[in-house]
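User: Please take me through the packing of this model. Keep the answers short.

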Amino acid sequence: MRKATRTLLAAALVLGVAAGPALTPAFATPPAAAPATRPTDPDLSAAIAGLPRADATAALVRVGGIEGSWQGGSGVHDLESGAPVDPAARFRAGSVTKVFTAATVLQLASEGRIDLDRTARSYLPELIPGRYATVTVRQLLNHTHGIPAPELAVGETVEEWYAHRFDVHDPEAMVRSATSKPREFRPGTKQHYLNIGYTVAGLIVERVTGDSYEHQVERRILRPLGLRDTYLPGGAAEIRGPYNHGYQTMRLDDGTTGLRDVSVWAATDGWAAGDLVSTTADLERFTRALFAGRVVRGPLLEEMFTLPKVPDSKSGDPAAYSVGLSMKKLGGREVWGKTGGRWGYNAAIASTRDGARTLVYSVNSTDAKGQDMNPTALNVMVAAYGRPDAP
């Protein structure tokens, strides 16, 4: 019953992150959770207590806003040493990157350099073929474009992906691969959450600015907000500076199943959709600034809080993703945010629309690209905001 309830909760949250495996690794004695600051919600402490365990080796959580603040951590820096988790460590934020990309595009829109209603092909005529001639920039950002995922020639299993962890994926080649296929649906009629729209958006940023996508994000967001521990790694596979190691359950060299350290792994397949590295402190600062209107200003900010009135292409449910963010009703109120997953790492930012309660977490999940939500991450989300509202 408990497992079924957890599965239903995860489905209701539509967060698309990982659940832990049934296998329980042989861990050292778990260290106590790191001391929390102003522990206004004991459920948050309980949500991350007892790490490392089967589903995660570490977790860092920050809650802020006028309803009270809380910070806590649990688990280990790495399994080999058993050292306590580093509360200032960097981690891979995965699809949280999309919020930074969307904000960059919206800033350029406010300057008149990008028009959300113009077609992607008008900016990239040599790259976007005729079958996708009507796809607009807004549709790229709210996942209603109908462009399928590219073929990356990597494989289906985590073991195959691990073998190709240093492969370099060129953004233009990924777009050519995706747009060579038939469209999934007529643009603007359905929603399908995929990375490819943000890959195209990153290339549009480069085209209209004559600058790299990475430098534009740094100049427009990272530097003005003082996010000194946040960066876009390009082709680098190792995380710069201190980080808590990420582990993935997979088949090992001796044929057994266990945990492999996957901290060193290039993220070029994600690029503008998923390669950000950050810290909980930096993401909390970014979240507060974004929801307060200090990153995207004026009417364009509403694009991030407007769900398209179309169904999900697979489930038929109402669209859950806006420009950069997603929304679920938790504890009787709307919570907007974005989750992300890279091998060994789950992350999320979230907030009520008025900024009364913000949440940032990093969970070192042992199956961060799984089909269900990681149990530790799920517990944190529910502890911060409450259970999903009934449909």
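What follows is a set of questions and answers on a predicted model.

User: Which helix gives the most residues to the largest nonpolar core?

Analyst: The largest nonpolar core has 68 residues. Phe 100, Ile 204, Ile 221, Phe 286, Val 295 and Met 304 touch the most other members. In soluble globular proteins, nonpolar side chains tend to be buried together. Eight residues of this core come from the helix that gives the most, H3 (residues 97-110).

User: How many residues does the second, separate core have?

Analyst: This core includes Trp 70, Leu 330, Val 380 and Ala 383. Its residue count is 24.

User: How many of the residues of H3 are buried?

Analyst: H3 has 14 residues, and at 1.5 Å a residue they should span 20 Å. The end C-alpha atoms are 20 Å apart, which agrees. Just after H3, Gly 112 takes a positive phi of about 80°. H3 itself is mostly covered, and its buried residues number 13 of 14.

User: Which residues does Ile 221 contact, leaving aside neighbours within four places in sequence?

Analyst: Ile 221 is among the core members that touch the most others. Its contacts beyond those neighbours are Phe 100, Ala 103, Thr 104, Gln 107, Leu 227, Phe 286 and Val 295.

User: Is Glu 303 buried or exposed?

Analyst: Glu 303 sits in the loop between helix H10 (280-291) and strand S8 (326-330). Leaving aside neighbours within four places in sequence, it contacts Leu 106, Leu 116, Arg 138, Ser 322 and Val 323. The cut-off for buried is under 20% relative accessible area. Glu 303 has 17% relative accessibility, so it counts as buried.

User: How far apart in space are Pro 233 and Glu 214, C-alpha to C-alpha?

Analyst: Pro 233 lies in the loop between helix H9 (213-225) and strand S5 (247-251). At 11% relative accessibility, it counts as buried. It touches Asp 275 and Val 277, not counting residues up to four places away in sequence. Pro 233 and Glu 214 are 19 residues apart in sequence, and their C-alpha distance is 8.6 Å.

User: What is the volume of the second largest cavity?

Analyst: A search of the whole structure finds two cavities of 30 Å³ or more. The lining of the second largest includes Trp 161, His 164, Arg 165, Trp 265 and Asp 269. Its lining residues divide into six nonpolar, three polar and three charged. The volume of this second largest cavity is about 50 Å³.

Conventions:
Residues are numbered from 1 along each chain as its sequence is written. This is a predicted model: local features need pLDDT of at least 70, side-chain atom pairs count only at pLDDT 80 or more; totals for chains, interfaces and linings use all residues. Side-chain values use heavy atoms; hydrogens and water are left out. A nonpolar core is a set of buried Ala, Val, Leu, Ile, Met, Phe, Trp, Tyr and Cys residues joined through side-chain atoms within 4.5 Å. Buried means under 20% relative accessible area, exposed over 50%, partly exposed in between (1.4 Å probe, protein chains only). Helices (H or I, at least four residues) and strands (E, at least two) are DSSP runs, numbered from the N terminus. Contact means heavy atoms within 4.5 Å. On a 1 Å grid over the protein atoms alone, a cavity is a set of points where a 1.4 Å probe fits but cannot get out, and a pocket is an open set with protein on both sides within 12 Å along at least five of seven lines; lining residues have an atom within 4 Å of a point. Grid points are joined across faces, edges and corners, and a volume is the space filled by probe spheres set on the points. Ala, Val, Leu, Ile, Met, Phe, Trp, Tyr, Cys and Pro count as nonpolar, Asp, Glu, Lys and Arg as charged, and the others, Gly among them, as polar. The expected span of a helix is 1.5 Å times one less than its number of residues.
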